[in-house]
Structures are given as C-alpha cells and as structure tokens.
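Me: Take one strand in this model and walk me through it closely. Show me what lies around it, then follow the trail outwards to the neighbouring chain.

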Amino acid sequence: MAIMAKHVEAFIREFFDQNPLSQIGLVSIKNGIAHTLTDLGGSPESHIQALMGKLEAAGDSSLQNALELVHEHLNQIPSYGHREVLILYSALSTSDPGDIMETIQKCKKSRLRCSVIGLSAEMFICKHLCQETGGLYSVAVDEVHLKDLLLEHAPPPPAIAEFAISNLIKMGFPQRAAEGSMAICSCHKEVKIGAGYTCPRCKARVCELPTECTICGLTLVSSPHLARSYHHLFPIAPFDEVPTLASSNDPRRKVGKSCFGCQQSLLGAGNKPGPCVTCRKCKHYFCLDCDIYIHESLHNCPGCESTHRPKSVSLMEE
Amino acid sequence: MATVASKLYSDDVSLLVLLLDTNPLFWSNTSTTFSQFLSHVLAFLNAVLGLNQLNQVVVIATGYCSCDYIYDSSLTLSGNSESGRTGMPALFASLLEKLEHFIVKDEELIKEQEHDERIASSLLSGSLSMALCYIQRVFRSGHLHPQPRILCLQGSPDGPEQYVAVMNSIFSAQRLMVPIDSCYIGTQNSAFLQQASYITGGVHHAPKQLDGLFQFLTTIFATDLHTRSFVQLPKPVGVDFRASCFCHKKTIDMGYVCSVCLSIFCEHHKKCSTCGSVFGQSKLDGASTVSEKKRKAPDS
C-alpha cells in the first residue's frame, strides 16, 4: 500500500508537469463503497496530502460504485476537456449493488476513457471496461513494472479531434503578492501570511495556482504554466550545415570564426574550418554543441533573438 | 593533482555572466549617466574577480538592435599587461574598447531602421540565449567548472514581443539549474525579470536610487550560490505573472486562452491564429462559467 502511494505521488507530480492545466480527483474504493478523497483540482500538494493521510484497506471493493461516483464528477467538465479514469485495482472480485454493464455503457456514452492497472491478476470485467471505453488494461507484475505502467499514463492521450470542441476560455493571470504580506484567502477562509495570488477581476486572494476564483469563477492560471508549451507552437527551423570546403572561399566566413552562441572557436585542427551550422534566417554561425542545445532545450535562436525585427515582419511570421 | 584541482574548484567559485543594458533610448532619458553607471559596474566586476582567483566574468551587451560579447575574463587573463590609454586597469581597457565599438555599431543599426513608435526595449531574449549557450559550453568542459549564474542589469522596459523567447530561456535556465539574478534600474517594474528570478531561484532587486548602485551590487549580487544560504537577501515584493497576448503583443492580466494550443489573446477571436481551430461563441463561454459556479455552490 505504501509502495502504491509512493508511486501514485510520483504519478501526480509527473502528470501535473506534463499537463499543467489538467485536474485530478482521487477516489478510494473500500468496504463496498467509493469515497471521494479529493475533488477535482489542480494543485499537486493538496492531492498528495490527502493521499498520504488516508492510507488503509478494508472490505470488499465495488467497481460499479466507483464508476458511478467518478461519472458524476467528470460529467460537469466542459466538452473540450478529456475525461479520463485511471483505476488501480487490487481486489480479485467486485461486489456491486446493480448491473455493472449498464454503468459501463453509461461511461461509454459520456466519453469517459477508463484505464485499469491491475495489481493482482487479470480480471474479465476490468478488461471489458477498458475495451468498451477505449482505455488501456495492464497488470503489474512487480514494483518497477507498476511504476512504469503508472507513468505511462502521465502524457496526455492523442486528442480525439471529433469530440474536442475548441473554445476560447477566459483566464486571469494573477500577481503573486509580496512575501510577508497578510491577507485572508478566499479558498480556505483563513488568515495567511506571505505568498498568495490576487485575482485580477475581483481582487480576491487565493493560495495556489492553477485554480478557479471562488468569488467570480474566473479561471486563474500562472502564465509560466502556459508558456511551458509554447516552444511546440513556435519551433525554430533546423540549422543548415556549412560545407567545410566551400566555406573557405566564402567571404562571409571570415566573420564567423567563432560560434555566435558560445564564442567557441569554429576552427578545427590546423586552423582549418571545423564543422559548423548556420541559421537560415539570421545567417549566424554556430558550433554543433550549441546546435543541439538550441534545438533540444533552449528553443530560441540567439542570432535571431539579437536582431531587431520590424513590427510588420514579426506579424507576418505568425 | 586532481584533488588539488577539486579543492580549488570548491562550491564558491563562480562564473558570472553579466547582461549589460546599453540601450541608448533608455540611457538618454535617465538621471544617471551611462558613464557613472559603468564605473559602478566596473568596480563591481573587479570585486567579483577579486573574491576568488578562479572566478570568471563574462559581459554581454544588450543593445536595442543587437547583442554581443564584450568581455571574457578567461581570455584576457593571460593577455598583455600594458595599461590602457584611458588610465584604466588593463583588465578593463579591452572591455571599454569593445563596448564603445558595440555601441557605435548598435547606433548605426538603429539609424538604418525607420523609427516607429515602439517601446524602447532592449533585446533581453537574445542576450539571455547567448548567456545560456556560453554556460552550456562551460558545462560541457568537464565536471570541474565554476558555478554559473546570470545577472541582468536592465533598465529598459520589457518588450512584450519577446515574451515567448524570454520564457523559453527562463525554462532552459531552470532545467540547467542556473539562477538568473536581476537588478532592475528603470522606473517601471519588469515582469520578465521578476518571473525569471522567481522561476530560476535567483534574486530580484530594484534599487530605489542609483547613487549607491555599487553597494547594492556588492552586497546582493556578489554573493556566490553557496554563501546565499547564510545571507539574508531581499525578499521579492510580489511577482508580476502577467502574460503578453499573441495578437497585439500587449501585456495583459486577463485574457482568452485557446483550449487547443494555449495561445493567449486579449480579445475574442473567431479563429485561433496559431493552430487554426475555430471557436464557439463567446456567450457560451461566459454562461458556462456562471453555471459551473452555481453547480459548485451547493457542494461546498
């Protein structure tokens, strides 16, 4: 149980790292009933706290009760969101108050994607559930395998284009208040000292981001969360390799004796030009190491960023 | 020998990459002149180099139209020791010479472009990217390297059109565990620098008066990463998390976000200009937030 909790904690952190705008709700299944541990929310800390606090196993488990509860929770999500259920199931049976097949059909209708990770042996009903709703079913053989299976669920599933209705969502970008300032937060209704965020519309104080303002209902996110994915939107074009032979005759080559990024000399052994690449837009030269770093981690071309672009051009690019 | 080297490279050897704002449009409007400012900075650089003989300083100039390296202490240490024509220590003669050269070139570039009514921001994204490339090279050089950090000495206001590029650099610095310190000497607040320091764990400070800049620089920004755990550094007075919209490059605190690609817009559009998805009506969006709130009310 402790092992499972540890891996779920890792999963929650990984999940929020990969899906900063998503929300998680935790549900525990024991004694034949399903309990809501945490409501759908976007803060990893509160989920992990609730998870660590309620660690016990007892009684029968009921898959149907769990599905009904989850269905209730996920049904309120707007249509552009993915509804996903991940069940960690260790029991070998399910004792249900009604017909579980009906519940499965209900889930299928409201487009819940259910995945199950079995902790003991393969069960028909779990497999059936996953097949019906388009989820994945897997059974963990040991601890390492369990961890791998869990983390496999962290990256978002491929978008189901026909279901996703794109929408513009109104969001606020709150400012972080000064350290040591005192205010009553609207989410816990307690006096808190220090770090908090202020809703730009109604000026209410909230403790953590991302969340929904409890006063005016505005979705509050921190803009760095959104910006983390922007390099996918504006990728930089691959650099061209400079042919070493032709470049020695190129008059421009004399300017680019060192890498524009890191100032490393581009001359190889014996003062012959070494391998280097050039950006198509700004025509600056880079060494291969910088090329790798720029494309894999930085996602900025230092050359293009350090030339002043007239406004008209930058608008046309987008 | 290896043990001697590892002892020399203890945790308080630092590589300081200084991003110097040389934007002429900013410096022509301030009470402090650029040369006064520069004398503070040069004294500070001398102090940093004096703190540890292995300390390294790299200076990158952030201009209005270009960015360039103007000083690298690892290159000049073995160089000639003749004193410069200005009577400055030899160490900084080359810096001043290159800086002069850079400013002249930058000004020529400004003249080339037609003057549009824009914010006089300097190219922070470019110099940040260059600094990170340099630090990446230091990391490549082996496991014995000084602890790198970046210090932005910025005066010009933020350029909202650089938002994505600056954020990319910040996240890259965060992954490399390189703190970005920032000292903002302009009149407005800089959301970029506040976010950069907050995300990477650096120090942000905006001194109220520039007369004592040298004191601020030495007491706050000269401290190496190891010393920082013992020193009471200024706490951030709030972080400005505002974003810039993609359509007009304005800085906004409330806006519309595309649910597919997370692009930010300042007003409602029919179609996303980034990913091309067509949006539903805005009324629907407003209604759903209200109904959601109503639905939530009985629960809580």
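Reply: Start with one term: two strands pair if DSSP finds at least two bridges between them. Keep in mind that this is a predicted model.

Our part is strand 5 of chain B, residues 180–184. Where does Leu153(B) find its bridge partner in this strand? The partner is Cys183(B). That bridge belongs to a longer pairing. Strand 4 of chain B, residues 147–154, runs parallel to strand 5 of chain B, and five bridges join them.

Now turn to strand 6 of chain B, residues 204–205. Strand 5 of chain B pairs with strand 6 of chain B too, again in the parallel sense, over two bridges. Ser182(B) stands opposite His204(B). Cys183(B) has His205(B) as its bridge partner in strand 6 of chain B. So follow Cys183(B) through the sheet: it has a bridge with Leu153(B), and another with His205(B). Strands of a sheet pair through backbone hydrogen bonds, either parallel or antiparallel.

How does the chain get from strand to strand? Helices make the links. Strand 4, helix 7 (residues 163–176) and strand 5 of chain B form a right-handed β-α-β unit. Strand 5, helix 8 (residues 191–200) and strand 6 of chain B form another right-handed β-α-β unit.

Step back to the whole sheet. It is open and holds six strands of chain B, in the order 3-2-1-4-5-6, with mixed pairing. Strand 3 (67–72) and strand 6 of chain B are the edge strands, and each pairs on one side only. Strand 5 of chain B has strand 4 and strand 6 as its neighbours in that order.

Is strand 5 of chain B buried or exposed? Five of its five residues are buried, so the strand is largely enclosed by the rest of the structure. A residue needs 20 or more other C-beta atoms within 10 Å of its own to count as buried. The side chains take turns. Ile180(B), Ser182(B) and Tyr184(B) point one way, while Asp181(B) and Cys183(B) point the other way.

What lies across the sheet? Helix 6 of chain B crosses strand 1 (14–21), strand 2 (56–62), strand 3 and strand 4 of chain B. Helix 6 of chain B runs at about 165 degrees to strand 1 of chain B.

Helix 6 of chain B also takes us to the other chain. The contact between the chains takes 71 residues from chain B and 53 from chain A. Several elements of chain B each supply at least two residues to this side, among them strand 3, helix 6, helix 7 and helix 8. Helix 6 of chain B gives the most, with 11 residues. On the chain B side, the residues divide into 32 nonpolar, 24 polar and 15 charged.

Who meets helix 6 of chain B (residues 124–140)? Helix 10 of chain A, residues 288–298, packs against it at an angle of about 115 degrees. Their axes lie 10 Å apart. The crossing is right-handed. From helix 10 of chain A come Asp289(A), Cys290(A), Tyr293(A) and Leu298(A). They meet residues of helix 6 of chain B, including Leu132(B), Cys133(B), Gln136(B) and Arg137(B). This helix contact has five nonpolar, two polar and three charged residues.

Look at helix 10 of chain A itself. Cys290(A), Asp291(A), Tyr293(A), Ile294(A) and Leu298(A) are buried there. Their cover includes helix 6 and helix 7 of chain B, along with strand 15 (277–278) and strand 16 (285–286) of chain A. That brings back helix 7 of chain B, part of the unit that joins strand 4 to strand 5. After helix 10 of chain A comes His299(A), with a positive phi near 60 degrees.

The chains also meet strand to strand. Strand 6 of chain A (residues 168–172) and strand 9 of chain B pair in the antiparallel sense, over five bridges. Here Lys170(A) stands opposite Tyr256(B).

Technical notes
Residues are numbered from 1 along each chain as its sequence is written. Chains are lettered from A and ligands numbered from 1 in the order in which they are written. This is a predicted model: local features need pLDDT of at least 70, side-chain atom pairs count only at pLDDT 80 or more; totals for chains, interfaces and linings use all residues. Axes are lines fitted to C-alpha atoms, for helices over the stretch in contact, and angles run from 0 to 180 degrees between N-to-C directions. Helices (H or I, at least four residues) and strands (E, at least two) are DSSP runs, numbered from the N terminus. A crossing is left-handed if the near helix is turned anticlockwise from the far one by less than a right angle, and right-handed if clockwise. Two residues are in contact if their C-beta atoms, placed from the backbone, lie within 7 Å. Ala, Val, Leu, Ile, Met, Phe, Trp, Tyr, Cys and Pro count as nonpolar, Asp, Glu, Lys and Arg as charged, and the others, Gly among them, as polar. A residue is buried if 20 or more other C-beta atoms lie within 10 Å of its own, exposed if 12 or fewer, and partly exposed in between; C-beta atoms are placed from the backbone. A crossover is right-handed if, with the strands pointing away from the viewer, the path from the first strand over the helix to the second runs clockwise.
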